[in-house]
Amino acid sequence: MRLSVVELAAGLSTAWLVKILLQKYLAAKLTRPVLGVCPGGSLLWLHPFRTASLVLGPFFPLKNQMGYYYAQFEFYAKYGSTCLSSVTFWNAIPIFWLSDADAIKTVHAGRATFPKDVEAYETLNIYGPNMVGTEGSDWKRHRSVANSAFNETNNALVWRETIRVVDEWFAEIDEANATSQGGTPVDLLKDFTQVALLVISAAGFGRRASLKEDSNTEPPPGHKRAFRPAVISTLDNLFTKVLTPTWIYDLSDRVYLPFITPTLNETREAFEALRLHMLDVISQARDWIAGGKAASMDAALLRNLVEANADGSASNKRLSDDELLSDTFTFLLAGHETSAHSLCFAVVLLALHPDIQQRVYEETLELWPDGVSSPISSSPYKESMAKLDYTQAVFHETLRLFPAVARLAKLVTTDTTLKARRFSTTSMGKIRNVEQYEVPIKAGSMVLIDIIGLHMNPIHWGEDVAEFKPERFIDTDTYRWPRDAFNAFSGGPRSCIGQRFSITESVCILAHITRKYEILVPEELGGKSRAEQEKVLLKWLPGITATPRNARVVFRRRV
Ligand code: HEM
């Protein structure tokens, strides 16, 4: 029997593939002893903290496989442990999944043993190194300059700018309301994306833009695009920028590739346009400092960064212009989608829970008896926030049930142990016999902070863990809410630097909406059960951040 060249090549390729797969499988099998006493031992076909897992997240892993995005606490309950082990198929990395508040706290506190997996963030270094994608002394330098930028003056600016943007948004809604009976249908994702963008533009870059301004605005001298279209097209092209390898850019420079070349050109131009605007703000801030800060200039993050950077005495504590620019861009990325998506979930939850909505309304009625806070000066930031405790609790509880970031990965640099919990589960699904135990973890492994698993852990949050109950986040004489079991903003020294920014913005928006409008479930879902309404309105997909799919409600003006 004679084989053709094609048959021979196919046979050899198959043999080669089988050999590789066998090698990988054996390597993963051999790693199992490293997993020690920690139950699970699952084989992971995808690395759970790489771009592929975000892109494929809605479809893979499947429901019964470890890493499934909607599993909540299921796997931990199945194996009776708050720490689970697994190993990646392709490179045999032991990965320990954590839903235990104490173990996670240890990981956050031990930055030398558990550094951030910065490799996963490399694609975000678009304008250069930045706070999110660095570790060690570089990260410290970024963080110490930026810490002073996120100050109370900036929070007050966030509050004022949010009111300005919300005022404009309400005007649009009321205009639509004039013709519609029974309220205005609102596409929350579309509207909050715009609102959050305008807030971060003003409080982050010091560039005030209007909701109504269209993309044909004249670019200022020296620019090809006005600020707002530059930001919007940058965000629109973010995925292209992050996912396209540089060799494709090089190729498309040399050869015209239909569709690809125009898309890459647009992406490049958008990012360059935004870069020029950010450089303008940096140079304006420098002029302002050099001029003795005579004129007033809003305390936007970028201005504050430039100021803090100029104050840095030693050069090893300062940031270069590229780093300043890259950090500011990171604030735009990190602060815009997270806030917009979380607000979508919060408003839908208020529509689904009229009793809770009523409590928020009563709180805002007390604060603003004469209606929402316009003019702006009538509602000062600090005093108003201090009176919106329940609204803040609603926002926290939303982030507990729908954390924008589902998981975080840390490397393990030295052999160590973590304290987790073992338990049994009764036939009624109740957790019993909880005891702590030590999980040995070898250097070279990875730990995965499973934020959803932690937030759905009944050991920390009680048996009603799945219910939307904002009062969980309100301390009383006999109850203190479990801070370490809440990781929506991560934890420890690398926790979200924009936490106060986003709470200020979100609470301001939720309070204003609830004071002015009744939030209702869309009419077509009116006859359905609460469970069916939840299934539709709270549907989400994994992405860079958890993305709501059907966040629609109706706003009806309160009389
Ligand atoms: C609801 C809103 C927000 C949520 C849920 C959120 C969540 C998070 C989480 C989980 C992390 C840790 C990420 C990691 O370690 O990889 C983080 C880090 C970060 N966030 Fe936020 N964030 C929000 C809003 C903001 C805002 C408004 C800003 C800026 C204006 C911001 C800027 C940052 C930055 C710069 C980091 C990196 C901090 C560091 O590595 O030291 N975030 N955020």
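**Figure 1. Two helices in the shell around the ligand.** Helices α13 (321-352) and α19 (499-516) each bring at least two residues to the shell around the ligand. This is a predicted model, so treat each close-up here as a view of a prediction. Which helix gives the largest share of the shell? That is α13, with seven residues. Of the 24 residues around the ligand, the ones that come nearest are A334, G335, T338, C496 and G498. Sorted by class, the shell has 13 nonpolar residues, nine polar ones and two charged ones.

**Figure 2. Helix α7 packed on α13.** Here we stay with α13 and look at a helix that packs on it, α7 (residues 188-205). The two axes are 8 Å apart and make an angle of about 145°. The crossing of α7 past α13 is right-handed. On the α7 side, the contact is made by L188, L189, F192, T193, A196, L197, I200, G204 and F205. On the α13 side, look for T328, F331, L332, G335, H336, S339, A340, L343, C344 and V347. How many charged residues does this contact have? It has no charged residues, just 13 nonpolar and six polar. One residue to pick out is G335: it takes part in this helix contact, and G335 is also among the residues that come nearest to the ligand.

**Figure 3. Helix α6 against α19.** The other helix named in the first view, α19, packs with α6 (residues 152-177) at an angle of about 35°. Their axes are 9 Å apart, and α6 passes α19 in a right-handed crossing. From α6, the residues that do the meeting are N155, V158, W159, T162, I163, V166 and F170. Their partners in α19 are R500, F501, T504, E505, C508, I509, H512 and K516. This contact does include charge: by class it divides into eight nonpolar, four polar and three charged residues.

**Figure 4. A three-stranded sheet with α7 lying across it.** The strands run in the order β4-β12-β9 and make an open sheet with antiparallel pairing. Which strands sit at the edges? Those are β4 (184-187) and β9 (517-520), each pairing on one side only. From one strand to the next, the twist averages 35°. Four bridges tie β4 to β12 (residues 552-557), and in that antiparallel pair T184 stands opposite F555. Helix α7, already seen packing on α13, lies across β4 and β12 and runs at about 65° to β4.

**Figure 5. A five-stranded mixed sheet.** This open sheet has its strands in the order β1-β2-β3-β8-β5, and the pairing is mixed. Its edge strands are β1 (40-44) and β5 (407-411), each with pairing on one side only. The twist from strand to strand averages 25°. Zoom in on the β5 end and you find five bridges joining β5 to β8 (residues 446-450), with the two strands antiparallel. A handy landmark in this pair is K410, which stands opposite V447 in β8.

**Figure 6. The β6-β7 hairpin.** Strands β6 (residues 416-425) and β7 (residues 431-441) run antiparallel and are joined by nine bridges. Together they form a hairpin with five residues between the strands. Along the ladder, K419 of β6 stands opposite E438 of β7. Which residue in the turn has a positive phi? It's G429, at about 80°.

**Figure 7. Two backbone oddities in one loop.** The loop between α2 (51-56) and α3 (74-79) holds P61, and Q72 has its place there too. Is the peptide bond from F60 to P61 cis or trans? It is cis, with omega near 0°. Q72 has a positive phi of about 55°, even though it is not a glycine. Both features are worth a look because most residues other than glycine have a negative phi, and most peptide bonds are trans.

**Figure 8. How confident the predictor is.** The protein averages a pLDDT of 91, and 96% of the residues score at least 70. For the model as a whole, the scores are ipTM 0.99 and pTM 0.93. Wherever pLDDT is low, the predicted coordinates should not be read in detail.

How values were computed
Residues are numbered from 1 along each chain as its sequence is written. This is a predicted model: local features need pLDDT of at least 70, side-chain atom pairs count only at pLDDT 80 or more; totals for chains, interfaces and linings use all residues. A residue is near a molecule or strand if its C-beta atom, placed from the backbone, lies within 6 Å of it. Ala, Val, Leu, Ile, Met, Phe, Trp, Tyr, Cys and Pro count as nonpolar, Asp, Glu, Lys and Arg as charged, and the others, Gly among them, as polar. Axes are lines fitted to C-alpha atoms, for helices over the stretch in contact, and angles run from 0 to 180 degrees between N-to-C directions. A crossing is left-handed if the near helix is turned anticlockwise from the far one by less than a right angle, and right-handed if clockwise. Two residues are in contact if their C-beta atoms, placed from the backbone, lie within 7 Å. Two strands pair if DSSP finds at least two bridges between them. pLDDT is the predictor's confidence in each residue, from 0 to 100.
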